[in-house]
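Dear colleague,

I am passing on a structure for you to look at, and below it I have written out what was found. Please keep it open beside this message while you read.

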Amino acid sequence: MAAGRKPRHGGGPGQESRARRHPGREAPRAPAPPGGLEAVFGVHAVRALLDRGEVPREVWVQEGSAGARLAELVEQARRGGARLHSRPRDELDRLAQGAAHQGIIAFATPLAFEGETSLWLRLEGWPHEAPPLLLVLDGITDVHNFGACLRSADAAGVHGVIVPKDRAAPLNAMVRKVACGAAESMPVYQVTNLARAMARLKELGVWITGTAGEAEASLFEADFTGPTALVMGAEGKGMRRLTREACDTLVKLPMAGSVASLNVSVATGICLFEAVRQRQARD
């Protein structure tokens, strides 16, 4: 080889590029949802979508036996006017990014947070006989925890979930999947300043109970029978200082074992169903 001449492929003899030695090794890209739509995957999430009257524009169903297993759900989507497409499993896997899609993905309008004005109007003209039960999530950024908290809130009959604009998980496809339909049915109010919103809750007669591991009072000493907002902080860090200071009282879960804390979604479920127990006992 003449001095100064560079090899054509960037290496000496026998040093072929990785792309040439392993053609097609690069993983195919995940298919993109149709413009402006969001993928909703999993049987429960898709059924919740259809049951609330929101017809997806398209539904992808896994080829093979999944079609027969999902026939009733697919027929419901077809009657609503959704376009149905049969797709190979690997295409659904890539779109769901490893999550369990159970053989069906629907494409629907993305969920949106409700504004805090809607929250104040609802509380000022409270339409229910039972006093409001609200869940406040401070710093819950993990979508799995957020979805699980929404699911517990729905099961416990919570009237609304309040989250801050910053340090909060989005209302995305994974949240819808984990929530199993609760993301569609539960009002989620996004507020600009959480401490200020909590002050407004107090003005409207809502008693705010925060959870903290260092609290002296037990969860079972709290009174959840009146208008209540339960505040749950991020796992590990807990509530932010201003959020903690805005609470009327702090309680903790009595921990009898060796672990110091529970997953935030588990703790949320326990606290909410203590509120349910107290309210049912009062009635």
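How many bridges join strand β2 to β4, and do they run parallel or antiparallel? Four bridges join strand β2 (residues 58–62) to β4, and the two run antiparallel; here strands are DSSP runs of E with at least two residues, numbered from the N terminus, and two strands pair if DSSP finds at least two bridges between them.

This is a predicted model, in which local features need pLDDT of at least 70 and side-chain atom pairs count only at pLDDT 80 or more, while totals for chains, interfaces and linings use all residues. Residues are numbered from 1 along each chain as its sequence is written, and side-chain values use heavy atoms, with hydrogens and water left out.

In the pairing with β2, valine 61 stands opposite isoleucine 104 of β4. Strand β1 (residues 38–41) also pairs with β4, in the antiparallel sense and over four bridges, and there alanine 39 stands opposite phenylalanine 107. Ile104, Ala106 and Ala108 point one way from β4, whereas Ile105 and Phe107 point the other way, and all are buried, that is, under 20% relative accessible area with a 1.4 Å probe and protein chains only, where exposed means over 50% and partly exposed lies in between.

Turning to the annotation, UniProt (unreviewed entry) places a "binding site" at Gly233, Leu253 and Leu262, although such annotations may be inferred rather than shown by experiment. Glycine 233, in strand β11 (residues 228–233), is buried at 10% relative accessible area, whereas leucine 262 is partly exposed at 30%.

With best wishes
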